[in-house]
Amino acid sequence: MTSVVTSHEDGHHGPAKGLMRWVLTTNHKDIGTMYLWFSFTMLLIGGAMALIIRAELFEPGMQLIEPEFFNQMTTMHGLIMVFGAIMPAFVGLANWLVPMMVGAPDMALPRMNNLSFWILPFAFGMLILTLFSEAGAPNFGWTFYAPLSTTYAPSSVTFFIFGVHLMGISSIMGAINIIATILNMRAPGMTLMKMPLFVWTWLITAYLLIAVMPVLAGVVTMMLMDIHFGTSFFNAAGGGDPVLFQHVFWFFGHPEVYIMILPAFGIVSQIIPTFARKPLFGYASMVYATASIAFLSFIVWAHHMFTVGLPLATELFFMYATMLIAIPTGVKVFNWVSTMFRGSMTFETPMLFALAFVVLFTIGGFSGLMLAIAPADFQYHDTYFVVAHFHYVLVPGALFAIIAGVYYWIPKWCGNYYNETLGKWHFWLSFIGVNITFFPMHFVGLAGMPRRIPDYALQFADFNAVASVGAFIFGFSQLLFLYIVITTIRGNNKASAEVWEGAEGLEWTLESPAPYHSFSEPPEVK
């Protein structure tokens, strides 16, 4: 057994041993690779569900699917994208890069690392298989509000609860592993304030995961008790409160939103300095801004609940606390722009995705600021404006950062360059597709179109048709990404040791002097 685990370098085993290499591996690179492939598989499955939703919404009326199946698709799409695509992709990048960036030989707890990955296929396999059950898949939205998810839920909700527990266990184990690796296994001389920003963002994210995943476990356990054991946590008839569910869920849910974006900040903070040929502007302020965002994410949860009848003072507190998050986020955007200012910029595929991230994530941030205004949120709440907002944060935000990271590091991972022309095609198709899809949703939302409905009034038809076309452009362009990744891995376009020309060492350097053209006249030649 040991020989299989330790001899993963040569890869010349029989089929059983070759398979067992992946099942038993404790190598952080193998496990990172498995996370990334798993998340890409989930992205395609969740994306197919989104395309079913958009195909139905292409025109008013009921065309393709039943309303019940539409609800199942919206629920499964949200759950799979959040917990199955975005989060495992970031954990995969962390597995690959954190040990190398801090100079560690592997993750601190390699066997637990293996286990935390292998839990996931079973959790999501069970969730997806509910589609084939007699009761049907969960149909209560990805936020699974009680009493929809308790009193009126299909019996498959029990499998969903078990799946959520497994996913939470995996996340907590992964977070413990990352914290232990970063704090205990850094190379001599690498102080905390010399770590690459990707490592910093993941350290902070890992603490967020450990803080909020037990809250999610708690709320689904309360659901389980209400369904099977006669309790009334969320049942008003038994003295419970459905709004309690929202408080507990969003106390998990809002930090969870930042769990999905902080590692993206780290990736973009690695890529922009490389292609601007300048050190990152304001390293320390980036670290403090990330920590501030993480802290503030715990005191804003009820901005998701402005319409449930909160006291006015409570609404004011959550409104102002939410607006406060714009300050550290603005610091980050300012620092990225300042890093690019007067740099020797080139526009390879990773940089294009990183630039799209900065611009489009900022749009998502501004629409979030609109939603933070309590009296205005009474109009926006549960409309397509909210859908537009969080998709601008999660698709050109989190997903574009992950794609940028893959293009940026894949030459280091497999020793080959990807095809730059195809990479740029992938970028422009994705960039155009994502904006055609989600920008019109702002307009139909402001005009009053509610979300999560399979049919809609005639006046929303044109924008919905446009959004559906954009969704198919964006969705199918990800198949090009799959092709690029496979051909890169199998290719023979060998990468140089430096990989990105003229950027030697910038990925790691924090204290090197800026190039002279950034701030001043050329230095005198002696």
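The following exchange works through one helix packing and the salt bridges of a predicted model.

Student: Why is helix 4 called oblique to helix 8?

Tutor: Helix 4 (residues 67-102) and helix 8 (residues 242-259) pack at an angle of about 45°, with their axes 11 Å apart. Angles under 35 degrees count as roughly parallel and 65 to 115 as roughly perpendicular, and an angle of about 45° falls in neither range, so helix 4 is oblique to helix 8.

Student: Which residues make that contact, and how do they divide into nonpolar, polar and charged?

Tutor: Helix 4 contributes Val82, Phe83, Met87 and Phe90, while helix 8 contributes Phe252, Glu256 and Ile259. Of these residues, 6 are nonpolar, none is polar and 1 is charged.

Student: What makes Arg21 and Asp30 a salt bridge?

Tutor: The closest N and O atoms of Arg21 and Asp30 are 2.9 Å apart, and because the rule asks for a side-chain nitrogen of Lys or Arg within 4 Å of a carboxyl oxygen of Asp or Glu, the pair qualifies as a salt bridge. By this rule the count comes to 3 salt bridges.

Student: How do you know whether Arg21 and Asp30 are buried or exposed?

Tutor: Buried means under 20% relative accessible area; Arg21 has 18% and is therefore buried, and Asp30, at 6%, also counts as buried.

Student: What makes Asp382 and Arg451 a link between distant parts of the chain?

Tutor: Asp382 forms a salt bridge with Arg451, the closest N and O atoms being 3.6 Å apart. Asp382 lies in the loop between helix 14 (374-380) and helix 15 (384-414), whereas Arg451 lies in the loop between helix 16 (420-446) and helix 17 (461-490), and the two are 69 residues apart.

Student: Why is Arg451 called buried, and what is Asp382 called?

Tutor: Arg451 has 15% relative accessibility, which is under the 20% cut-off, so Arg451 counts as buried. Asp382 has a relative accessible area of 37%, which lies between the 20% and 50% cut-offs, so Asp382 is partly exposed.

Student: Where do Glu420 and Lys424 lie, and what makes them a salt bridge?

Tutor: Both lie in helix 16, 4 residues apart, about one turn of the helix. Their closest N and O atoms are 3.1 Å apart, and since the limit is 4 Å, Glu420 and Lys424 form a salt bridge.

Student: Why are Glu420 and Lys424 each called partly exposed?

Tutor: Partly exposed covers the range between the 20% and 50% cut-offs; Glu420, at 24% relative accessibility, therefore counts as partly exposed, and so does Lys424, at 29%.

Methods:
Residues are numbered from 1 along each chain as its sequence is written. This is a predicted model: local features need pLDDT of at least 70, side-chain atom pairs count only at pLDDT 80 or more; totals for chains, interfaces and linings use all residues. Side-chain values use heavy atoms; hydrogens and water are left out. Axes are lines fitted to C-alpha atoms, for helices over the stretch in contact, and angles run from 0 to 180 degrees between N-to-C directions. Angles under 35 degrees count as roughly parallel, over 145 as roughly antiparallel, 65 to 115 as roughly perpendicular and the rest as oblique. Contact means heavy atoms within 4.5 Å. Ala, Val, Leu, Ile, Met, Phe, Trp, Tyr, Cys and Pro count as nonpolar, Asp, Glu, Lys and Arg as charged, and the others, Gly among them, as polar. Buried means under 20% relative accessible area, exposed over 50%, partly exposed in between (1.4 Å probe, protein chains only).
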